[in-house]
Amino acid sequence: MFQGQVFLNVDWALFTEKLILIVVVVSVSLVVAMYSTYAERKVAAFMQDRRGPNRAGPFGILQPLADGLKLFFKEEIVPTFSSRFLFILGPILAMLTAIMVSAVIPWGDNMHILGRNVSLQIADINIGILYIFGVVSLGVYGIMIGGWASNNKFSLLGAMRAASQIISYELALGIALIALLMLTGTLSLKEMVGQQKDGTWYIFKQPLGFLIFLICAFAETNRTPFDLPEAENELMGGYHAEYSSMKLGFYLFSEYVNMFLSGAVMTTLYFGGYDIPFVNDANLIHTIGTNWVAIIEGAVLFIKISFFIFLFMWVRWTVPRFRYDQLMNLGWKILLPLSLLNMLVTGALILLKQNHWHF
Amino acid sequence: MQALTNRVKQVDRSKMSVWERMYLPAVFKGMAITLKHFFKKKATINYPEQVRPFSPVFRGVQILNRDEEGRENCTACGLCALACPAEAITMECAERKPGEEHLYREEKYAAKYEINMLRCIFCGLCEDACPKDAVYLTETFAPSNFHRKGFIYGKEDMLIPDPKTDPEGFARAKGSRITQPQGHGNER
C-alpha cells in the first residue's frame, strides 16, 4: 500500500538511543527536583541556625520520598464549582512545559557507543533558544488555567499575577538574550557551548546581560523575591490554593524542575555549559577517551547547575518578597531599559570590532 | 526624652543615594549575612537523642519516694492534694495490716494515689507541702499518651524502684532535698 517501507523508514538505533536519553534526562530532572525540595529545607534551616529534616534516613535523605508518598496518599479534592477538565489540565501543563525545556539542553559532548556517535542532547535543533522561549512562555498556561479553573478569587488573583509577571519579565529576558545572540550568531545551544569551549565564557562578555537574565529567571520560575503568584501569606498559596494530593505535588514539583532547568539554561548560555574550566579538552580526550570526557563534562555541568540551584535557595532565604508595584517598576522601568542599553552597547562594540576599531 | 537603652537607632528618612537605590549591593550584603549563618553553630539540638542540661530546681513529672528499706514514704495525709492549686491529686488511704511493715513505713498508707498530668501545672507545691519526704518533682517532662486516661498517673507510674531489687534504679530515681542546692526555698 505504502510502497514498501518508505513511510516507515525508522532509524531504530537512533530511536532507542534518543529514547534512553529522554528517559534518563527526565528521570534525572525529576530526581533533582525531588532532592531540591530536601535541599531547600536544609538550606533554609541552616541559614536560620536550625538543623532541617533529619529523621527519615541518615541526615533525612529519605525525606523527599516520605513527602512524595504522603502527597500520593492525600485525598484528591476537585472543588464542585471548578471546571473539572481545566482543573486537571493545569498541573499537567505546568509539569509538561517544565520538563520539555530539557529537550534542547546539551548535557555533554558526543559519546562513541557501539561505533555510533551518540549526542548527549535530545534534540540539537538550530533554534534551540527560541524553542526554550516558546516552551517557557507556555508555562504560564499551566498556572493561568489552574488558577482560573479553581473558581476562587485568591487563585485567580495569583494566576493573574503570574501571567502579568511572567509576560513582563520575558521582555527584559528576551532583550538581554538578543545581546548574547548578537555575539554568538547562532540559536543552537550546542554551538554556543562549542564557542565558549574554544573562547571565553559569555559571562565575561555579557556581565550585565547575565545579571538581567538571572533576575528575570527568578521571576520566570516564581521564586522569591518574585513569588507573588503563590504569596502564601497574602493569597494562601495563590493559583494552587484549591489543589490537593499529587496535583498540588505537580505544581510544587514543576517549580523545582523549572529551577533546575533554568539553571541549566543559564549555565549553557553564560557559564560554558558542559565546558570543563581550566582544562584543554583535546588533551583530555587524548588521554582518557571521548566517553569518559563526555561523562566528566556532564558532571561538570551538573556541578554548575547545582550552584545555581543553591543560588536560587540562597536568595529565597535572604530577600523578602516584592510588592506588586515594585515588581512592575523593576521589570518595566529598570530591567527593560537596562537590557535595551546592553543591547545597544553590545551592538556598537560588535560593529566597531568588525570595522577593526576604526572610528 | 531620655532613651531607656543605648540601642535606639534614629531612622534615616533622607533620600537614598544612587548606590542605595541600586538595591543589589544591599542584596549582596544580606546574602553575605545568610551565608555566615549557614556555617554557624546551630541553635537547636537533636532533641530526643540529646537533651539540654536542666537547672537543679527544674520541676518535671512527680515521683513517689521509698526509704532505704524500700518502704513507701507516703502516709496519705492529703496535704499535697490540699496544696495543689490545680486540684490534680486524688488519693485514698488505707490502714497497714500486720505483715505489711516491709511495704509501708507508717501505719497508714495511700492505697490509691493519682495525679492527673493534664491538670498538673508543675508548680511543685505538693513537694513543698509533703511532711514525709514522699513527693518529688523530677527532670522527666513532656509526658505523652494516646488517651486522656493515660495521663492520670497512678502509684505504679510514680513509685521509684525498690532498693532491694534494683538498688541502682533506686539511687538514680530517689528524690531528695540534700542533692538540691540550698537557698532556693527548698530547705525545710
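Q: What radius of gyration does chain B have, set beside that of a compact globule of 188 residues?
A: Let's start with a yardstick: in this predicted model, a compact globule of 188 residues would come out near 16 Å. The C-alpha trace of chain B spans about 95 × 40 × 35 Å along its principal axes. For chain B, the radius of gyration is 27 Å.

Q: What percentage of the residues of chain B count as buried?
A: To count as buried, a residue needs 20 or more other C-beta atoms within 10 Å of its own. Applying that to the 188 residues of chain B gives a share of 18%.

Q: In what order do the elements of chain B run from the N terminus on?
A: Chain B is built with six helices and five strands. Reading along from the N terminus, you meet them as α-α-β-α-β-β-α-β-β-α-α.

Q: How many residues of chain A are in contact with chain B?
A: Look first at the chain B side, where 11 residues take part. They divide into four nonpolar, five polar and two charged. On the chain A side, the number of residues in contact is 10.

Q: Why is helix α8 of chain A described as largely enclosed by the rest of the structure?
A: Helix α8 of chain A covers residues 207-220, which makes 14 residues. Among its buried residues are A:Phe210, A:Ile212, A:Phe213 and A:Cys216. Their cover includes α4, α5, α7, α10, α12 and α13 of chain A. The helix is largely enclosed because the buried residues number 10 of the 14.

Q: How far does helix α8 of chain A reach from its first C-alpha to its last?
A: At 1.5 Å a residue, you would expect 20 Å for this helix. The computed reach is close to that expectation, at 20 Å.

Q: Which residue just after α8 of chain A takes a positive phi?
A: Step just past the end of the helix and check the backbone angle there. The phi is about 60°, and the residue that takes it is A:Asn222.

Q: Which helix gives the largest share of the largest nonpolar core?
A: This core has 79 residues, and those touching the most other members include A:Phe213, A:Cys216 and A:Phe260. Leaving aside neighbours within four places in sequence, A:Phe260 is in contact with A:Ser29, A:Val32, A:Ala33, A:Ser36, A:Ile305 and A:Ile309. The largest share of the core is 13 residues, and it comes from α10 of chain A.

Q: How many residues are in the second, separate core?
A: Among the members of this core are B:Ile63, B:Cys126, B:Met158 and B:Ile160. The number of residues in it is 23.

Key:
Residues numbered from 1 in each chain as written. Chains lettered and ligands numbered in written order. Predicted model: local features only at pLDDT ≥ 70, side-chain atom pairs only at ≥ 80, totals over all residues. Helix = DSSP H or I, 4+ residues; strand = E, 2+ residues; numbered from the N terminus. Expected span 1.5 Å × (residues − 1). Buried ≥ 20, exposed ≤ 12 C-beta atoms within 10 Å, placed from the backbone. Contact = placed C-beta atoms within 7 Å. Nonpolar A, V, L, I, M, F, W, Y, C, P; charged D, E, K, R; others polar. Rg over C-alpha atoms; globule rule 2.2 N^0.38 Å. Core = buried A, V, L, I, M, F, W, Y, C linked by C-beta atoms within 7 Å.
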